Amino acid sequence: MAKTGSRIAAIAAFLVTFAACGGSAGPTVATDVGITSNGILLGTTIALSGVAASYGTIASAENAYFTYINNQGGVNGRKITFKILDDVYAPPTAVTLTKQLVEQDQVFAMFSGLGTQTQTSVRDYLNSKKVPQLFVATGATTFDADFGKPSPADSSIKWNYTIGWQPPYQGESRIYAKDILANHSTAKIGVLYQNDDYGQDYLKGLTDGLGSNSSMIIDKESFDATSPNVTSQLVKLHASGADTLFVFAIPTPTITALATVTALHWKPQIYINSVSSVASYMKFAESKGAFIDGATSVGYIKDPTDPQWANDDGMKLYKTVIANCSTCDANNGFNIYGVAVAYTMVDVLKQAGTNMTRANVMSIAANQLNENNPFLLPNVVVKTSSTDHFPIMQEQVIQWSAHAWHLQGSIIDERGTIK
Amino acid sequence: MQEFIQLLVSGLANGGIFASLALALVLIYNAMGLVNFAQGEMAMFATFIAFTLIGRGFNYWIAFPLTLVIAFAGGVLIERVVIRPVERAPVLTLVIVTLGLATLVNGTAGFLFGYEPRVFPSPFSVRTVNIIGAFVSYRDLGVIATSAVVLVLIYVLLQRTTLGLTMRAAAHHPEASRLLGVRVSWMLALGWGLASAVGALSGIMVAPVLVLEPNLMQTIIIYAFAAAVLGGIESPLGAVVGGLIVGVTVNLAGAYIPFVGGDLQLAVALAIIVGVLVIKPNGLFGRASVRNV
Amino acid sequence: MRRLRSLPPRYWLVLVVVLFFVGLPTVVPSFQSSEWAQVLIFAIVIMGLNILVGFSGQISLGHGALMALGAYTSAILIHRYHMDYLVTIPIAGLLTGAVGFLLGIPALRLSALYLALATFALAVVTPSLIKRPADLTGGVRGILIAAPDPPQFAKDAFGAVTGGSAMTSDQWLYYVSLMIAILLFWFAWNLVRNRPGRAMRAIRDREVAAAASGINIAGYKTLAFGISAFYAGIAGALYGLTSGFVSPDSFPLALSFQLLVGTVIGGLASIAGPLIGGTFTFWLPIVSSQFVGSQPWIPTQIASTFKDAGPAVTYGALLILIMIFAPNGIAGLLASGYAYLRRRLLGAADRKSGHMPPDPQTV
């Protein structure tokens with residue numbers, strides 16, 4: 001406590017001095033709801049049980065990073081408390097819990113809420129109350145692309161308190177489109193996609209990225225969580241004559257899809273979406289007989305199971321941080337994602353300094369980010385500006401061989417391609 | 001044409017999965033005149049037990065039968081503790097209890113084992129075999145083969161042994177059986193134990209084909225219901241035949257009927273259930289029963 | 001006056017409960033009004049489900065699907081056809097009621113167990129069905145619904161009672177839900193007390209005998225389906241309004257299951273049951289994941305186990321326990337507890353009039 005007191009005294013002294021020097025308006029000292037002299041309260045809703053519960057570990061990983069930061073004294077003397085609530089992936093529950101977090105728990109901001117439908121359901125509410133909806137944990141392009149736009153339901157609500165973080169799904173599939181046009185320009189493409197916002201968003205990015213060449217997609221087959229498997233879809237794709245296959249699905253169906261492709265004695269050029277391409281899932285697929293050598297994906301985060309990062313400082317930091325979470329598997333790609341996005345959150349809070357208002361923090365997150373994140377691939381920068389609200393738009397192509405992903409070429413920048 | 005044959009063959013493979021679980025449903029129905037909504041979850045849980053045993057170092061061929069025994073004991077235990085108090089309650093109560101059980105088992109599995117997908121080994125290889133131009137893996141064939149073996153065993157038990165007869169009598173005419181000295185309650189427990197073991201076998205065979213996770217059986221159970229209903233809820237042969245038909249129909253409908261497409265395949269199962277129940281409630285192999293007033 | 005005083009205690013209870021609910025938003029924070037509005041919404045569905053399951057003996061595991069129909073009807077009318085949101089509520093109810101009535105026809109052929117199965121499959125396939133006509137339903141993007149502004153008279157009344165606080169949209173929607181719940185409660189109560197209720201109970205208990213007495217089995221059973229669907233449709237529309245959003249994931253299988261659970265736990269064939277059931281359905285997940293964890297007197301091990309296990313485990317366990325020990329649900333428990341107390345305190349018969357106490361299950 002004494003330390004904090006003396007810090008505040010130091011800041012005050014600095015301010016007085018600065019003001020006395022007649023400089024331009026000094027750094028603002030301000031607080032807001034959810035900020036106390038020694039604490040910052042953040043909240044989130046995520047699926048901790050039920051069908052989407054495998055994502056729940058993300059929040060635990062984020063909390064592990066906050067614990068690490070708190071152990072070092074916190075952010076400008078304030079420790080972060082992160083309240084995590086289980087919305088069982090259902091929008092009405094997310095709405096109820098978000099209202100509770102905002103109106104009863106009085107959080108400063110919502111951080112890394114997970115799920116496209118769930119985060120869409122609370123977007124209007126949070127923006128109407130000017131509570132930051134920071135770094136939502138979904139690649140749905142709308143959270144970046146529609147920044148500042150008015151809500152279709154109530155045009156008086158502008159979405160300028162919402163921002164995403166990870167590369168949008170459409171951006172990722174545009175990279176695939178570029179890769180195909182550059183390296184496989186005569187490809188006949190078949191797409192297996194999940195019939196939800198996730199799969200449809202990816203498909204749109206691919207189609208848009210191919211532009212006038214979108215007729216290269218000769219067949220697309222959708223499936224659903226309630227489909228027994230993806231076999232009939234893959235049989236049709238195979239029969240269509242496609243020699244290139246895109247799999248836009250979450251991990252479990254991706255694994256069975258890859259195994260089925262090999263079982264059908266089909267050897268297309270395979271593209272796997274980045275959420276499901278985590279190395280442990282690929283090895284899982286191989287154990288089921290999938291032959292995926294030469295499969296392509298993209299990455300923007302370091303893979304904890306990739307030996308090339310064994311001595312990397314960022315990876316070592318990650319391993320230290322994740323030890324704070326007893327239930328987290330360090331090899332799970334979701335966990336390094338959580339730590340990476342928490343890093344950005346802390347970065348924003350640090351940048352806010354003493355001006356801890358929601359408006360300022362939101363402004364930094366949406367317009368002033370320029371961060372080198374130790375957990376992301378080298379040269380990937382987390383960046384936003386007043387004209388660009390897509391924090392991460394760079395990824396690198398990776399190819400699978402010898403039971404591991406290998407970086408190919410250099411970072412591809414998709415900035416500015418999605419309007 | 002090739003596509004059609006492949007769809008057919010893959011559909012049969014799918015159908016094997018549905019059939020294996022449907023057999024457990026049929027067994028429960030024969031034992032107590034009720035469909036157990038928790039059958040799939042119990043099968044999944046038993047598979048996780050096997051997974052844990054293998055993880056602890058047990059050889060697959062020891063863990064496998066050990067799990068079946070544990071599953072049998074578990075089924076009996078559940079019947080004694082959860083079902084027995086409501087044995088004579090109306091159908092609604094029993095349905096709700098089995099639903100509660102399903103939720104409980106699923107939640108417990110998620111809590112104990114986590115939601116990460118797990119690899120589960122199989123004695124069958126992943127390699128494929130060529131059948132009239134279509135490919136099916138040995139694992140899929142293994143599922144069908146095991147289901148066929150279980151079918152025979154169940155048929156023999158129910159139709160050719162005194163024990164099976166006693167079980168069926170206890171299910172259909174509990175009062176009369178009691179008068180004849182049958183321990184109806186224990187017949188019920190036996191039925192649950194056997195069904196649980198059959199379910200465990202289904203899970204163990206199916207998990208390598210799909211992915212082991214708590215939600216493994218969540219949609220399969222509905223297809224299994226469709227299979228059991230189509231085949232006649234009392235008939236083990238019906239369960240297998242029904243399973244194969246459902247598997248093929250779902251595949252073909254998904255591929256050739258644009259309205260169904262790849263994402264409304266479950267609606268096909270729903271249509272089968274409702275259609276059979278409305279048109280021919282006893283299914284293909286069931287026998288019509290007369291309801292006494 | 002004498003009539004008032006000789007009213008059975010339950011009428012006073014109803015009055016107290018109504019007053020409690022009317023006054024609630026004036027004393028609790030706005031978002032809690034939204035939470036209690038959802039309690040009322042669940043109570044409405046459960047009232048309908050109660051008529052179907054408790055009074056006419058037909059199981060439905062698919063009422064989440066009917067809620068979805070009501071919610072989407074209302075959302076589409078608001079979003080595409082710019083209808084006033086209040087008008088969409090009865091339309092949603094009537095449309096869903098008609099669909100429910102039609103569903104009741106094939107349901108006649110299905111025995112209890114198979115009906116459960118068929119409606120279960122319906123509930124599972126509902127999210128996929130919603131996604132299909134994407135132009136109409138917004139597909140996976142869902143439909144956003146603007147939070148309605150309270151009308152002036154409501155704002156004035158609220159301000160007068162609370163000494164000047166502005167009425168929020170959440171509070172207004174709460175009152176809308178409350179008014180509708182009271183109306184529908186009254187309607188259900190009348191239904192159950194009169195001929196349709198008696199006919200349904202006769203069908204539930206002894207169908208063959210009921211048929212022999214000349215009751216139109218098919219008519220009443222499909223009517224029960226239709227009415228319960230009507231309730232679900234209205235509740236669905238309100239559900240969409242209070243959430244401000246409808247999407248396929250808003251109506252998972254779990255919802256249908258929770259509704260049936262709420263019906264049973266509240267107490268089948270009881271009138272108070274739906275309110276208890278609605279309270280339970282809404283609050284259980286929140287209590288099991290948050291409340292337990294925040295109580296210092298519960299050891300951390302137990303609390304974190306409870307929280308990590310998720311609401312599913314608690315639901316399942318509670319359901320089983322209640323079906324075993326209290327098959328008449330909480331309302332049944334309360335009623336028999338009350339009857340027991342009365343017997344102990346007053347003797348078996350009422351001393352003044354010599355009448356035996358009424359059967360707690362009848363109204």
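Is A:Glu221 buried or exposed, going by relative accessibility? It counts as buried, at 8% relative accessibility. Keep that residue in mind. One caution before going on: this is a predicted model.

Let me start with the salt bridges. Over all chains, the structure holds 13 of them. I'll take three from chain A, then one between chains.

A:Glu221 pairs with A:Lys236 in a salt bridge. The closest N and O atoms are 3.9 Å apart. That pair links distant parts of the chain. A:Glu221 sits in strand β8, residues 217-223. A:Lys236 sits in helix α8, residues 231-239. The two are 15 residues apart.

Next, A:Asp105 and A:Lys83. Their side chains meet in a salt bridge at 2.8 Å, N to O. Again, distant parts of the chain are linked, with the two positions 22 residues apart in numbering. A:Lys83 belongs to strand β3, residues 79-86. A:Asp105 lies in the loop between α3 (91-103) and β4 (109-111) of chain A. How accessible are the partners? A:Asp105 is buried, because its relative accessible area is 18% and the cut-off for buried is under 20%. A:Lys83 has 26%, so it is partly exposed.

Third pair: A:Lys302 with A:Asp312. The closest N and O atoms are 2.8 Å apart. Both residues sit in the loop between β11 (296-299) and α11 (313-322) of chain A, ten residues apart. A:Lys302 counts as buried, at 6% relative accessibility.

In general, side chains of opposite charge can pair when their charged atoms come close.

Now to the interface of chain B and chain C. Here 44 residues of chain B are in contact with 37 residues of chain C. What area is buried between chain B and chain C? About 3400 Å², and carbon and sulfur atoms give 84% of that.

How many salt bridges are counted between these two chains? One. It joins C:Arg132 to B:Asp263, at 3.5 Å from N to O. The polar contacts come to three residue pairs across the interface, both residues at pLDDT 80 or more.

Which elements of chain B touch chain C with two or more residues? They are α3 (60-83), α4 (91-113), α9 (220-231) and α11 (265-279). Of these, α4(B) gives the most, with 14 residues. By class, that side of chain B has 35 nonpolar, seven polar and two charged residues.

So much for the B–C interface. To close, back to the opening residue: A:Glu221 in strand β8 is buried, and its salt-bridge partner is A:Lys236.

Notes: Residues are numbered from 1 along each chain as its sequence is written. Chains are lettered from A and ligands numbered from 1 in the order in which they are written. This is a predicted model: local features need pLDDT of at least 70, side-chain atom pairs count only at pLDDT 80 or more; totals for chains, interfaces and linings use all residues. Side-chain values use heavy atoms; hydrogens and water are left out. Contact means heavy atoms within 4.5 Å. Buried area is the accessible area (1.4 Å probe) that two parts lose on being put together, summed over both. A salt bridge is a side-chain nitrogen of Lys or Arg within 4 Å of a carboxyl oxygen of Asp or Glu. A polar contact is a pair of N or O atoms within 3.5 Å; within protein, one must be able to donate a hydrogen and the other to accept it, and residues adjacent in sequence count only if both atoms are side-chain atoms. Helices (H or I, at least four residues) and strands (E, at least two) are DSSP runs, numbered from the N terminus. Ala, Val, Leu, Ile, Met, Phe, Trp, Tyr, Cys and Pro count as nonpolar, Asp, Glu, Lys and Arg as charged, and the others, Gly among them, as polar. Buried means under 20% relative accessible area, exposed over 50%, partly exposed in between (1.4 Å probe, protein chains only).
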